[in-house]
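Dear colleague,

Please find below the structure that I am handing over to you. After it I set out what was found.

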Amino acid sequence: MYTQSLDVPDGSAPALTAVGAAPDALQTRFDEKIDADQKIEPQDWMPEAYRRTLVRQISQHAHSEIIGMQPEGNWISRAPSLKRKAILLAKVQDEGGHGLYLYSAAETLGVGRDSLLDALHTGKAKYSSIFNYPTLLWADVGVIGWLVDGAAIMNQVPICRCSYGPYARAMIRICKEESFHQRQGFESLMVQMQGTAEQRAMVQDAVNRWWWPVLAMFGPPDAASTNTAQGMRWGIKRISNDDLRQKFVDATVPQAAVLGVTLPDPDLKWNEDRQQHDYGAIDWDEFWEVVNGNGPCNKERLANRVKAHEDGQWVRDAAQAHAAKQRARQLKEAA
Ligand SMILES: [Fe+2]
Ligand SMILES: [Fe+2]
């Protein structure tokens with residue numbers, strides 16, 4: 001899961017080899033490819049700003065997938081049945097896999113994974129603000145699948161057409177898996193809504209807490225989004241934040257009706273003229289507070305991530321020792 005709200009400036013952009021003024025022919029060739037909707041591949045010349053933007057966006061996306069394992073991972077040991085535990089395990093594992101594809105895609109742009117992880121672990125890099133909210137109830141797991149993964153799909157399907165080949169190709173597989181995530185969440189909530197009054201109240205409580213942070217996932221309003229125009233020009237971003245948010249609201253309202261939950265917005269109503277839903281004002285102050293490290297779980301998420309990385313040091317050491325031994329054996333055999 002991921003949102004483009006994360007394409008915000010941070011201190012993580014790794015230093016890349018300075019590239020002087022591009023020969024006009026290279027820039028022209030790049031522009032022609034973008035205009036013709038062709039893919040830019042790692043070996044192709046690209047403007048330094050395009051490369052940096054992609055490194056920032058893809059690495060923030062990767063970080064979001066990895067940090068995003070935590071809120072739901074909290075519930076693996078407390079899932080109410082073997083079936084729900086198996087589904088949740090598979091989903092959280094998928095998110096880890098998404099992170100790995102995306103770190104690999106970022107590496108094709110000439111940055112090392114160590115530097116990307118270092119930026120995350122030192123708090124310089126951003127990740128999706130949504131994962132800094134706590135999962136208080138079992139219903140939160142279903143709501144994350146339905147709404148958070150649902151928002152991620154809305155955001156990520158257009159990235160399958162991103163101009164940068166490795167990112168676009170990674171997104172195709174990721175989107176297929178996100179679709180399963182969204183459906184399992186909705187199905188879990190359907191079952192709970194057919195249960196007891198307490199279960200229905202639990203689902204409604206979770207929806208009330210997640211709805212507004214999910215709408216903020218699409219990022220700042222277009223008028224305040226400085227990266228949008230250039231991202232569109234480069235074919236990195238295809239649909240604006242506000243348009244994606246509107247599509248999500250319009251798709252989700254009928255789903256909420258099927259579930260029998262109320263979306264916590266008194267201003268949410270169908271607008272006959274626009275043929276879209278109107279919705280209330282989003283609290284952007286809260287969004288920026290959370291993005292800037294002051295959400296309910298920021299410190300806990302980062303501390304868990306750093307600990308997991310340190311605990312895994314012996315695995316990386318063992319893998320490198322094994323690779324060194326194999327290289328030595330191959331050299332000996334070749335000699
Ligand atoms: Fe997901
Ligand atoms: Fe994901």
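Two residues are said to be in contact when heavy atoms of theirs lie within 4.5 Å. In this predicted model, among contacts in the chain between residues at least 6 apart in sequence, 80% join residues at least 24 apart.

Overall architecture

The chain is built from 13 helices and 2 strands. Its radius of gyration is 21 Å, close to the 20 Å that the globule rule gives for 335 residues, so the chain is as compact as a globular protein of that length. Along the principal axes, the C-alpha atoms fill a box of roughly 75 × 50 × 30 Å. Of the 335 residues, 51% are buried.

The iron site

Which residues coordinate the iron ion (ligand 1)? The donors are Glu 95 (OE), Asp 149 (OD), Glu 178 (OE) and His 181 (ND1), at 2.0 to 2.2 Å. In sequence these donor residues follow the spacing E-x53-D-x28-E-x2-H. Glu 95 belongs to helix 4 and Asp 149 to helix 6 (residues 138–156), so this pair ties together parts that are 54 residues apart in sequence. The site of the iron ion (ligand 1) is irregular, with angles of 87 to 157° among its 4 donor atoms. To be tetrahedral, four donors would need all angles between 85 and 135 degrees.

A second metal is also present: the iron ion (ligand 2) is 3.5 Å from the iron ion (ligand 1), and Glu 95 coordinates both. Glu 95 is buried, at 0% relative accessibility, and Asp 149 is likewise buried, with a relative accessible area of 0%.

Helices 6 and 7

Gln 182 is located in helix 7 and counts as buried at 15% relative accessibility, the cut-off for buried being under 20%. Leaving aside neighbours within four places in sequence, Gln 182 has contacts that include the iron donor Asp 149, as well as Gly 145, Trp 146, Gly 150, Ile 153 and Gln 255.

Trp 146 also takes part in ring pairing. The chain has 10 aromatic pairs. In one of them, the rings of Trp 146 and Phe 186 have their centres 6.1 Å apart and their planes at 65°, so the pair is edge-to-face. This pair links distant parts of the chain, with Trp 146 in helix 6 and Phe 186 in helix 7 (residues 165–193), 40 residues apart. Trp 146 is buried, with a relative accessible area of 1%.

Ala 170 is a further residue of helix 7. Its relative accessible area is 10%, so Ala 170 is buried. Apart from neighbours within four places in sequence, Ala 170 is in contact with Tyr 101 and Leu 102. The C-alpha atoms of Ala 170 and Ser 104 are separated by 9.3 Å, although these residues are 66 residues apart along the chain.

Other aromatic features

Phe 30, Trp 45, Tyr 50 and Trp 234 are linked by ring pairs into a cluster. Elsewhere, the charged end of Arg 78 sits over the ring of Trp 75, 3.9 Å from its centre.

Helix 5

Which residues of helix 5 (residues 113–121) are buried? They are Leu 116, Leu 117, Ala 119, Leu 120 and His 121. An α-helix has 3.6 residues a turn, so residues three or four places apart point the same way. The cover over the buried residues of helix 5 includes helix 2 (48–67), helix 4 (82–107) and helix 12 (298–311). Gly 123, with a positive phi near 80°, follows helix 5.

Loops and backbone angles

Two residues that are not glycines have a positive phi: Asp 37, at about 60°, and Gln 275, at about 55°. Asp 37 lies in the loop between helix 1 (24–35) and helix 2. Gln 275 lies in the loop between strand 1 and strand 2 (276–278) and is partly exposed, with a relative accessible area of 45%.

Finally, Pro 266 is placed in the loop between helix 10 (241–259) and strand 1 (269–271). Is Pro 266 buried or exposed? Pro 266 is exposed, with a relative accessible area of 82%. Pro 266 and Gly 280 are 14 residues apart in sequence, and their C-alpha atoms are 7.4 Å apart in space.

With kind regards

How values were computed:
Residues numbered from 1 in each chain as written. Chains lettered and ligands numbered in written order. Predicted model: local features only at pLDDT ≥ 70, side-chain atom pairs only at ≥ 80, totals over all residues. Heavy atoms only, no water. Buried < 20%, exposed > 50% of the residue type's maximum accessible area, 1.4 Å probe, protein only. Helix = DSSP H or I, 4+ residues; strand = E, 2+ residues; numbered from the N terminus. Donors = N, O, S within 2.8 Å, 3.2 Å for Na, K, Ca; no water. Tetrahedral: all angles 85-135°; square planar, octahedral: opposite > 155°, others 65-115°. Phe/Tyr/Trp six-rings, centres within 6.5 Å; stacked < 30°, edge-to-face > 60°. Lys NZ or Arg CZ within 6 Å of the ring centre and 35° of its normal. Rg over C-alpha atoms; globule rule 2.2 N^0.38 Å.
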